[in-house]
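Biologist: Before we talk, please put the sequence and the model up side by side. I will then ask about it piece by piece.

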Amino acid sequence: MFNFFKRKKIKAEGQEKDDNTGIQAAGDKTDSDALIGSRNEIKRIIAVISGKGGVGKSTVSGLLASGLIMRGYRVGVLDADITGPSIPKMFGLGGGKMAKNNYGIMPARSKMGLKIMSLNLFIADETDPVIWRGPRIGSAVGEFYSQVDWGKLDFLILDMPPGTGDIAISVLQNISLSGAIVVTTPQDMAFTIVRKAYNMLVSNQIPIVGIVENLKAGICPHCQKEFALFTGMGVEQWCSEKQVPYLGGLPWDSELALCADQGKMENYYPAHVDRMLDSFISLSQDLKNAEKLDS
Ligand SMILES: Nc1ncnc2c1ncn2[C@@H]1O[C@H](COP(=O)(O)OP(=O)(O)O)[C@@H](O)[C@H]1O
Ligand SMILES: [Mg+2]
């Protein structure tokens, strides 16, 4: 068990002082621990998963989150992929300066106001390796999530660890999800990787909001024309066979890669992202226990 708020009780002239000692094994609970997470009201937690790393999971998480906040929703992003700082980096956030209040760890804020939390934010140097391994990461992420002062959110986007192994499954089991989005490329369709991700969600009884097809085509940086990148099986066709909603395709776009690298993800909002948002928001209405979203 991890507790970011372990406090050493120091008796000084009849008063107890707090000494925040950072990430470590949980000790005795203090009265003020009861407040941690107590004002969190999160309407929907949506996981973004993929069959393997490098297919655009963090990119899709970042685009969804910034698109939702642009439309006026209250949005948080939890980076559960602790192997690299992609989420903080794409929003221009560096590590090593996290603060807390009585209600929990205070999330970092993007320029547009996204609440962002990542274990990577606790690491001052982004080249330091994060050493947690295996199912321990899953339970650590679950506890970490509950110790954040998220406040009221319409959406919490959870950028999952890559793949369908122990780590991803333990995160799914430790956080109560409203639904999940699967990110794939046309190439992955040819290797059944996306089917594994789909099966993982079905066997864990997590509603599938839909599939996003990343790298559907390329955009030429010179003439802006689209060209085919892969010759995999049609993702849309697979979705219609399985009766899974197709949320749309994203082309490979050097402009997007540049925005992500420069920490300016919120500046990227072309028409295909807007269409993906339309589909996502209308499908989110149907999620279990979902309240009607104000648009
Ligand atoms: N549609 C795209 N156009 C341009 N670059 C992309 C696109 N999708 C992903 N990338 C780039 O590819 C790399 C891997 O994407 P990422 O979202 O981090 O993958 P994952 O989270 O699945 O490991 C990143 O550098 C990202 O900026
Ligand atoms: Mg990632």
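Modeller: This is a predicted model. We can start with Q205, which is found in the loop between α6 and β15.

Biologist: What is the phi of Q205?

Modeller: Q205 comes just after α6. The residue is not a glycine, yet its phi is positive. The value is about 55°.

Biologist: Is Q205 buried or exposed?

Modeller: A residue counts as exposed if 12 or fewer other C-beta atoms lie within 10 Å of its own. Q205 has 9 such atoms, so the class is exposed.

Biologist: Which side of α6 do its buried residues take?

Modeller: Helix α6 covers residues 193–203, and its buried residues are I193, V194, A197, Y198, M200 and L201. They span an arc of only 155° around the axis, and therefore they lie on the same side of α6.

Biologist: Which exposed residues sit on the face turned away from that buried side?

Modeller: That face of α6 is opposed to the buried side. The exposed residues it carries are V202 and S203.

Biologist: Where is Q243, and is it buried or exposed?

Modeller: Q243 is placed in the loop between α7 (235–242) and β17. Its phi is positive, near 60°, and the residue is other than glycine. With 7 other C-beta atoms within 10 Å, Q243 is therefore exposed.

Biologist: Is W150 buried or exposed?

Modeller: W150 is in the loop between α3 (135–146) and β12 (152–153). The limit for a buried residue is 20 or more other C-beta atoms within 10 Å. W150 has 23 such neighbours, so it counts as buried.

Biologist: What separates the C-alpha atoms of W150 and E41?

Modeller: Leaving aside neighbours within four places in sequence, W150 is in contact with N40, I42, G76, P107, K115 and L156. E41 is 109 residues from W150 along the chain. The two C-alpha atoms are separated by 7.8 Å.

Biologist: Which residues have the most contacts inside the largest nonpolar core?

Modeller: That core has 70 residues. A180 touches I46, A47, I49, L201, I206, I208 and V209, not counting residues up to four places away in sequence. L201 is also one of the buried residues of α6. Those with the most contacts inside the core are I157, L158, A180, I181 and V182.

Biologist: Which residues are closest to ligand 1?

Modeller: Ligand 1 is surrounded by 18 residues. By class, this shell has 8 nonpolar, 8 polar and 2 charged residues. At least two residues each come from α1 (57–70), β15 (208–219), β17 (246–252) and α8 (254–261). The closest are G56, K57, S58, T59 and A257.

Biologist: What share of the contacts with a separation of 6 or more joins residues 24 or more positions apart?

Modeller: The protein has 9 helices and 17 strands. Of its 295 residues, 41% count as buried. Among contacts with a separation of 6 or more, the share from residues 24 or more positions apart is 78%.

Biologist: Over which residues is the pLDDT below 50?

Modeller: The mean pLDDT of the protein is 82, and 80% of its residues reach 70 or more. One stretch has 26 contacts in the model beyond near neighbours in sequence, but its pLDDT is below 50. Where pLDDT is low, the predicted coordinates should not be read in detail. The stretch is residues 6–27.

How values were computed:
Residues are numbered from 1 along each chain as its sequence is written. Chains are lettered from A and ligands numbered from 1 in the order in which they are written. This is a predicted model: local features need pLDDT of at least 70, side-chain atom pairs count only at pLDDT 80 or more; totals for chains, interfaces and linings use all residues. A residue is near a molecule or strand if its C-beta atom, placed from the backbone, lies within 6 Å of it. Helices (H or I, at least four residues) and strands (E, at least two) are DSSP runs, numbered from the N terminus. Ala, Val, Leu, Ile, Met, Phe, Trp, Tyr, Cys and Pro count as nonpolar, Asp, Glu, Lys and Arg as charged, and the others, Gly among them, as polar. Two residues are in contact if their C-beta atoms, placed from the backbone, lie within 7 Å. pLDDT is the predictor's confidence in each residue, from 0 to 100. The arc is that of the directions from the helix axis to the C-beta atoms. A nonpolar core is a set of buried Ala, Val, Leu, Ile, Met, Phe, Trp, Tyr and Cys residues joined through C-beta atoms within 7 Å.
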